[in-house]
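I opened a structure I had not seen before and jotted down what I looked up. My notes follow in the order I made them.

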Amino acid sequence: MTLPLRVAPPLMFGSLRAFRLIERNLYVYRHGWIVIVSGFFEPLFYLLSIGFGLGQLVGTVPGPGGTEIPYQLFIAPALLASSSMNGAVTEATLNFFFKLKYQKTFESILSTPLSTADIALGELGWALIRGALYTGGFLVVMVALGLGVSAWLLLTLPAALLISFAFGAVGMAATSFMRTWQDFDLIQLVVLPMFLFSGTFYPLDAYPEPVRLLVQLTPLYHGVDLVRSLAVGVVGPSTVVHAAYLTVMGVLGLLIVSRRLDKLLLR
Amino acid sequence: MPGSPESSLIHARGLTKRFGSFTAVDGVDFDVAPGEAFGFLGPNGAGKTSTMRMIGCVSPVTDGTLTVRGLDPRTDGPEIRARLGVVPQQDTLDTELTVRENLVLYGRYFGLPRAECGRRADELLGFAQLTERQNDEVEPLSGGMKRRLTIARALINQPDLLLLDEPTTGLDPQARHLLWDRLYRLKQRGVTLVLTTHYMDEAEQLCDRLVVMDKAKIVAEGSPRQLIDRYSTREVTELRFGPGVQERLDGQLDGLADRIEHLADRVLLYADDGEAVAVAAHERGLNPETVLVRRSTLEDVFLRLTGRSLVE
């Protein structure tokens, strides 16, 4: 007698069915792929204007491990990390809110075998795919501009995805609590300062000690430092800490958003 | 009432849905047999949609027993939904996709191979008379077309149980008749239909058996014919009087019929021979402005059971 096939232990969140959501988004963006292309240029413009323009005045700055590195090399990984955050947050807040509140897309999907966890996972997966496209493009540009100085640079791709994962999941969780479009101003109020002050444009030494500690608690700091260490090739225990921070943040976000979707959609 | 979790497609005992302190469905019992067209008839707010959502596994059961095809919605939701077609009260079509993509993608959600989804989509476009609009956006479609697309979408997984929540509300008569025809064809193919409606003509047209719901409870159950036989007379005579006359009738109609209902704008007299009632009223010297003798309908049943009209 053969043992009955054991059903694989259910994934903690959702199932492979989540891929259907990604397929849906591919269909949708087939009609409007230009929207996707536009997201590639934002970090590129920052790199050209601030990195190369301002970089000429700055010269070199202390990078990870304390060695002096050209300003362009200092800022490029940070822009990569920030654009991963921005891309994920846009997808997870505005687009997600529209589908959740107005389009009723998810309600019809829940009448199929898909679950709320599948929806959360699928939507997040889509944000990651978008993020990967941008990251890949940006890395090509970095290498072309002579900023590919370490083989570790290849690992910035998964690192950027981890940033998208963390911010996408938390962004969706936050969105599930939003009532109106006005509430999204609050998100900008969190995202913009992180973009400006997380060691993106200058080393953290510029801050007095208490401020520096505060900045080191914020998620984008971990994202920026993670990508920068990899891009420069100075990898250490702090790299692992950054990755762990972002992983925990993403998992928590996913847990919350699954719960919230249950509450909002399965009444 | 016969039925068990094994023999019934849907089996409910003491089924209850509460939202906080509000009870939307209050301990209802019913069974739906395979191949049957079963209706929930009742006014808005009677608990029909809540019941349908529990059957569709998108609303947790608060209390009582519910099985669908012998499975428990609490634990087997994905398995139940895999064989279910759902037409919600409001169209939830994907407005970011075209008509055809709506069908193909919905098939993908059920895990069907892409080629099969395409085949079924083409077939259903024909069934829903939407082949010519297949590459159009969803938004500009008429209400009837959207409804037909929603029904077509619900059929992409070839369900043997189709849940329809007020399938024709808001449609013009032509669109309704086209929909009824399509639903009738599905029934002929052996698909079990469960629908809610507050139109008694729809219930009479489509349902083999129905339950009347009011204030979260089931107040009667049977075939449309049985319900009429049990709760109403064969015929009804409707008398409409001039302004102010109805209030001054003062029992002049007493004894003319088995039962008399005074509505705001007319008086309904229930009797097996409506013509005779009309004649008798005339002999008593009453001069209604209009007299209408008609067959009893489910509306009369509902009026009798609840003292109110269905559509208010």
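**Salt bridges and a sheet in chain B**

I began with a network of salt bridges that links E238(B), R240(B), D265(B), R266(B), R294(B) and D300(B). I should say that this is a predicted model. Over all chains I get 38 salt bridges.

One of the network residues, E238(B), made me look at the strands. I found that E238(B) has L292(B) in β13(B) as its bridge partner. Strand β10 (residues 235–240) of chain B pairs with β13(B) over 6 bridges, in the antiparallel sense. I then traced the open sheet of 4 strands in chain B, and the order reads β11-β12-β10-β13, with antiparallel pairing. At the edges I have β11 (259–262) and β13 (290–295) of chain B, each pairing on one side only. From one strand to the next, the twist averages 20°.

**Single pairs**

Which residue does R13(B) form a salt bridge with? I got D31(B), with the closest N and O atoms 2.7 Å apart. R13(B) sits in strand β1 (residues 10–19) of chain B and D31(B) in strand β2 (residues 22–32) of chain B, so this pair ties together parts 18 residues apart in sequence. I noted R13(B) as partly exposed, at 25% relative accessibility, and D31(B) as buried, at 5%.

Next I looked up K48(B) and E166(B), whose side chains meet in a salt bridge at 3.8 Å, N to O. K48(B) belongs to helix α1 (residues 48–55) of chain B, and E166(B) to the loop between β6 (161–165) and α6 (173–188) of chain B, so the pair ties together parts 118 residues apart in sequence. Buried or exposed, I wondered about K48(B)? K48(B) is buried, with a relative accessible area of 3%, and E166(B) is buried too, with 4%.

I also have a salt bridge between the side chains of E23(A) and R114(B), at 3.3 Å, N to O. This pair crosses between chains, from helix α1 (residues 18–31) of chain A to helix α4 (residues 114–127) of chain B. E23(A) is buried at 9% relative accessible area, whereas R114(B) is partly exposed at 47%.

**Surface and cysteines**

On the surface I picked out a nonpolar patch of W33(A), I34(A), V35(A), V37(A), F41(A), F45(A), L48(A) and L145(A), together about 760 Å² of accessible area. L48(A) lies in helix α2 (residues 34–58) of chain A and counts as partly exposed, at 42% relative accessibility.

Last, I searched the whole structure for disulfides and got 0 over all chains. I checked two cysteines as well: C117(B) is buried at 0% relative accessibility, and C207(B) is buried at 6%.

Methods:
Residues numbered from 1 in each chain as written. Chains lettered and ligands numbered in written order. Predicted model: local features only at pLDDT ≥ 70, side-chain atom pairs only at ≥ 80, totals over all residues. Heavy atoms only, no water. Patch = residues over 30% accessible without salt bridge, like charges linked within 9 Å, V, L, I, M, F, W, Y side chains within 5 Å. Areas by Shrake-Rupley, 256 points an atom, 1.4 Å probe, with all protein chains shown as cover. Salt bridge = Lys/Arg side-chain N within 4 Å of Asp/Glu carboxyl O. Helix = DSSP H or I, 4+ residues; strand = E, 2+ residues; numbered from the N terminus. Buried < 20%, exposed > 50% of the residue type's maximum accessible area, 1.4 Å probe, protein only. Disulfide = S-S within 2.5 Å. Pairing = 2+ DSSP bridges. Axes fitted to C-alpha atoms, helices over the stretch in contact; angles between N-to-C directions.
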